[in-house]
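Me: I have a model open and want to go through some of its helix packing. Can you take my questions one by one?

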Amino acid sequence: MKKKSRPFIERHFETLQLATAVAFLLLVGLYASLTGAADAGLSRTAVWLLIVSAAVGAYMAMNIGANDVANNMGPAVGSGAMTMGWAIVVAAVFEALGAIVAGGEVVGTIKGGIINPADITDPTLFAWVMFAALLAGALWLNLATALGAPVSTTHSIIGAVMGAGIAAGGWGLVHWPTIGAIVVSWVVSPLSGALFAALFLYVIKRSVTYRTEKTEAAARVVPALIALMVWSYTTYMLLKGVNQIVKVSFPVAVIVGLGTAALVWGLIRKPIERIALRQENSKDGVNHLFTWPLICSAALLSFAHGANDVANAIGPLAAIFEAVKAGAIATKAGTPLWIMVLGALGLAVGLALYGAKLIRTVGKEITELDQMRAYAIAMAATLTVIVASQLGMPVSTTHISIGAVFGVGFLRELLKVNYAKMEAVVRAGHQGTDREEVEAYMQRFEAAEVQEKKQMLAEMKQRAKVRGLDGAVFAKGERKAFKKAYKKEIVKRSVVMRIVAAWIVTVPATAVLAALLFHLVAAVMS
């Protein structure tokens with residue numbers, strides 16, 4: 001029988017992706033040549049630098065969209081709150097809106113004070129430094145996306161600016177305390193995210209899913225959890241989104257967030273209670289209550305991300321534009337509207353073409369997620385950023401979000417292994433009894449409240465002790481194998497190691513690549 005051929009689009013999908021990406025970059029270059037770079041007073045070399053820089057800036061924005069947006073959408077997709085298609089549409093729209101509406105009239109071009117631009121007196125040299133950094137950061141993000149590793153786009157451009165700066169002006173050009181703070185963030189960011197996420201998930205389990213009447217518990221607890229999410233996201237948006245347009249102090253953001261949360265709690269308390277009581281008395285029934293809050297949180301995170309991280313693409317481009325057009329070197333450069341729009345479109349195009357891979361990695365490949373786990377991850381991401389920003393701690397939102405996924409997975413491991421041990425104790429206390437009786441007791445045990453479980457375990461341990469058993473049905477070697485199997489099942493170590501390795505090498509890799517590119521450009525232009 002003749003095998004049915006796949007549709008044309010499916011067979012040539014990768015080719016179409018690449019063709020679309022190249023066409024977008026060519027259109028950006030064409031637009032820059034007609035509008036942004038048009039100036040009769042510029043040399044041909046300067047005009048070409050602006051044209052190519054615009055294309056590279058768009059390429060960087062595409063890679064940010066393909067790699068970084070997974071942190072916002074991955075948990076929502078992995079939990080089933082959103083389909084992949086809707087996630088890409090929502091993220092693309094809100095990323096672009098954030099970049100254009102709240103991207104800020106002024107974009108810092110030297111991220112985090114990495115180099116001192118005063119040590120580079122030649123505007124043309126400064127432009128080439130920024131060009132090399134922009135291209136190096138984009139190439140690294142492209143490679144990380146191809147490998148399925150979500151990395152920090154901010155760290156990528158920071159490492160690239162550092163490397164190109166060293167190549168142009170030597171080691172003394174770098175502000176080394178800032179680099180040291182970044183190294184600290186490799187540990188602080190993921191650990192903070194993991195701890196917050198694990199804490200939130202455990203609170204949800206103790207207050208809702210470990211209860212006998214889960215829907216009744218959910219009716220009381222879920223409105224408060226949603227109100228807490230509203231407070232954190234309102235505060236986050238005011239500090240990270242609206243703050244780009246109108247300056248908002250931390251106390252004002254917190255107070256407005258609390259007021260909004262109280263209002264939302266008053267509006268949703270009764271409706272959520274009615275919906276909860278109509279759900280099945282199970283974990284799946286409770287999970288449905290978190291679907292819309294997760295969709296809203298993903299959209300808001302995308303808006304805030306577009307407002308903040310678009311600077312990693314258009315910041316260096318704005319610096320090049322300022323250096324070439326005005327012959328000035330600035331640590332902050334006014335950004336023309338066409339550059340802001342370019343960054344917004346780049347984010348959306350990169351996400352639409354290549355974002356699915358990293359969204360799948362974050363949402364499904366590290367550990368299995370449901371809506372409650374995704375809620376814990378979302379809360380961990382926003383609260384960690386809020387707390388860290390007020391403490392002056394250098395953190396990466398990418399590392400926080402992925403660390404939160406790790407934290408949820410490792411907590412699940414711990415709880416699964418502990419439950420298996422408890423089950424072993426119960427079975428040890430029932431050795432010699434009818435199998436149906438054991439299974440009936442296990443069902444009672446699983447449905448029991450936490451305190452009741454403790455009492456039942458104490459009884460089984462006593463029974464096992466009277467019978468001269470050690471309280472377990474597995475030998476030591478079997479228990480180790482059992483624990484190892486759970487770990488392998490719940491958190492995929494190979495994915496974790498791949499991501500952590502990419503985090504560690506991001507800054508040095510982009511620094512070396514940017515230095516090489518700067519020397520290559522210098523050799524060609526000399």
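What follows is a short exchange on helix pairs and one bent helix.

Me: Before we start, what kind of model is this?

Reply: It is a predicted model.

Me: OK. At what angle do helix 5 and helix 14 cross?

Reply: Roughly 155 degrees, with the axes coming within 9 Å. Helix 5 covers residues 84-101 and helix 14 covers residues 337-365.

Me: So how are helix 5 and helix 14 oriented to each other, parallel or antiparallel?

Reply: Roughly antiparallel, because the crossing angle of roughly 155 degrees is over the 145 degrees used as the cut-off. The crossing of helix 5 past helix 14 is right-handed.

Me: Which residues meet there, in helix 5 and helix 14?

Reply: From helix 5, the contact takes in Met84, Ile88, Ala91, Ala92, Glu95, Ala96, Ala99 and Ile100. On the helix 14 side they meet Met340, Ala344, Leu347, Ala348, Leu351, Ala352, Ala356, Ile359 and Arg360. By class, that contact has 15 nonpolar residues, no polar ones and 2 charged ones.

Me: Why would contact residues sit three or four places apart?

Reply: An α-helix has 3.6 residues a turn, so residues at that spacing point the same way. In helix 5, Ile88, Ala92 and Ala96 are among the residues that meet helix 14.

Me: What about helix 4 and helix 5, how do they cross?

Reply: Helix 4, residues 70-78, crosses helix 5 at roughly 155 degrees, and the axes come within 10 Å. Helix 4 and helix 5 are therefore roughly antiparallel, and the crossing is right-handed. Asn72, Met73 and Val77 in helix 4 meet Met84, Ala87, Val90, Ala91 and Glu95 in helix 5. The classes in this contact are 6 nonpolar, 1 polar and 1 charged.

Me: Changing topic. Where does helix 20 bend?

Reply: At Thr506, by about 50 degrees, with Pro508 following within four residues.

Me: And what is the end-to-end distance of helix 20?

Reply: Its end C-alpha atoms are 47 Å apart. The helix has 33 residues, 493-525, so at 1.5 Å a residue it should span 48 Å, and the two values agree.

Me: How does helix 7 pack on helix 20?

Reply: Helix 7, residues 153-169, packs at about 40 degrees to helix 20, with the axes 7 Å apart. That makes the pair oblique, and helix 7 passes helix 20 in a right-handed crossing.

Me: Which residues of helix 20 are in that contact with helix 7?

Reply: Thr506, Val507, Thr510, Ala511, Ala514, Ala515, Phe518 and His519. Their partners in helix 7 include His155, Gly159, Met162 and Gly163. The contact divides into 10 nonpolar, 7 polar and no charged residues.

Conventions. Residues numbered from 1 in each chain as written. Predicted model: local features only at pLDDT ≥ 70, side-chain atom pairs only at ≥ 80, totals over all residues. Heavy atoms only, no water. Axes fitted to C-alpha atoms, helices over the stretch in contact; angles between N-to-C directions. Helix = DSSP H or I, 4+ residues; strand = E, 2+ residues; numbered from the N terminus. Left-handed = near helix turned anticlockwise from the far one by under 90°. Contact = heavy atoms within 4.5 Å. Nonpolar A, V, L, I, M, F, W, Y, C, P; charged D, E, K, R; others polar. Expected span 1.5 Å × (residues − 1). Bend = angle between axes of the 7 residues up to and from the residue. Parallel < 35°, antiparallel > 145°, perpendicular 65-115°, else oblique.
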